[in-house]
Amino acid sequence: MTASASGFVDPPVPAWQRRWRDLRNRLLANGTFQDLAARCPPTRFVARREARALFDLCAGFVYSQTLAACVELDLFAQLAAGAETVEHLAARCRLAPAALLRLARAGAALRLLETDGARVALGPLGAALLANPGIAAMVRHHALLYRDLADPVGLLRGETNATLAGFWPYEGGDAPRADAYSQLMAASQPMIAAGILAAWKFRRHRRILDVGGGDGRFLEAVAARAPALALMLFDLPDVAALARARFARAGLAGRAAAWGGDMRADRLPEGADIATLVRVLHDHDDDDAMAILRNVRACLQPGATLLIAEPLAAAAGAEPVGDAYFGFYLLAMGRGRPRRAAELAAMAERAGFIGAQQIATPQPLLTGLIAARAG
């Protein structure tokens, strides 16, 4: 692998692949070739597919705003019990029937809704969204991200004041921001937790330390799967307070404890035989990420397990999520970057862990998993 000045690491590209890429690009940039490909039966399908993909990139903001309108109007929940007439739904949404029908047809084109012009029903993606409330929470949250992406070149040059950075309470101990951040993370946590729990057997462990564990929802899910497991959590002081309240409500106070502090520098509680970092490292620049990993290693006995769970750059079948979505999201947030599995494994080993390896998860789109042992 080769590292650039930015710290990003990419695998080397073989010479034959570079030559093929250059030839491909010369052909695709040629208008005559494009016209022939669109008319020739063997290549027509590919040409149309690529044209559609290019247009979808141009229109992607409109698609996402169609979803945002459906979420803001709570259309999916309103249709959960069955189809509704356009007139009835329009009245409930305080829209003119023609405007509601326009949205319904846009949603149908995106498989969010279905409509025959008189009635509106859930589409397959709208129905799936009902089972994953974290998606709707992220859609609402994206209003901040869209403001920052209004000038993407300015964002890349550091010329804009990103609003998204103010949402995250990593500095300053702002309790209202900590609460808002924890609510957003908690809304999406069930999907993440389900994938981790499907990939790793926590019953084999006796004590877990969740570093950057938010309001404790992940540990609550782990506790249900591993009833004998003792639970420890470390996060910002205001966030740790939210976790203690959650543990008390869930009847876990007798087996769970939460500490507050700076995960990069403060001493972490000892005694765990497994430590987890769930959606933590990609939110931090390399120096801070390494400080967190070294701090976690310092609190573990040799042989203890480290689990890193977060979306991975270049994950097979989910490439746009890592480098495109999280690449720009984290830029707007003001810190962190998406990393490949090999990068995280190398960082873990530099921090004193051994045997780092990627563990398959049911939904690599949502999270990847790296396991290592304290050396």
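Q: What makes a run of residues a helix here?
A: A helix is a DSSP run of H or I with at least four residues, numbered from the N terminus. In this predicted model, two such helices are α5 (86-93) and α6 (97-109), and Arg 94 lies in the loop between them.

Q: Why does Arg 94 count as exposed or buried?
A: Exposed means over 50% relative accessible area. Arg 94 has a relative accessibility of 76%, and therefore it counts as exposed.

Q: Why is Asp 74 called buried, partly exposed or exposed?
A: The class in between runs from the 20% limit for buried to the 50% limit for exposed. The relative accessible area of Asp 74 is 39%, so Asp 74 is called partly exposed. Its place is in the loop between α3 and α4 (75-78).

Q: What is notable about the phi of Asp 74 and the phi of Arg 94?
A: Most residues other than glycine have a negative phi. Asp 74 is not a glycine, yet its phi is positive, at about 60 degrees; Arg 94, also not a glycine, has a positive phi of about 60 degrees.

Q: How do you know which residues line the largest pocket, and which of them lie nearest its centre?
A: A lining residue must have an atom within 4 Å of a point of the pocket. The lining of the largest pocket comprises 45 residues, and those nearest its centre are Leu 67, His 142, Tyr 146, Val 321 and Tyr 325. The volume of this pocket is about 2000 Å³.

Q: Which helix gives the most to the lining of the largest pocket?
A: That helix is α14, with nine residues. Among the elements that each supply at least two residues are α3 (41-72), α8 (133-148), α10 (175-199) and α14 (319-333).

Q: What makes up the lining of the largest pocket, by class?
A: Tyr and Val count as nonpolar, whereas Asp, Glu, Lys and Arg count as charged. On this division the lining holds 31 nonpolar, nine polar and five charged residues.

Q: What lines the second largest pocket?
A: The second largest pocket, with a volume of about 440 Å³, is lined by 13 residues, of which Leu 28, Gln 34, Ala 47, Glu 50 and Ala 51 lie nearest its centre. Two or more lining residues come from each of α1 (15-28), α2 (31-39) and α3, and α3 gives the most, with seven. By class, this lining has nine nonpolar, two polar and two charged residues.

Conventions: Residues numbered from 1 in each chain as written. Predicted model: local features only at pLDDT ≥ 70, side-chain atom pairs only at ≥ 80, totals over all residues. Heavy atoms only, no water. 1 Å grid on protein atoms, 1.4 Å probe; cavity = no way out; pocket = protein on both sides within 12 Å on 5 of 7 lines; lining within 4 Å. Points joined across faces, edges and corners; volume = space filled by probe spheres on them. Buried < 20%, exposed > 50% of the residue type's maximum accessible area, 1.4 Å probe, protein only.
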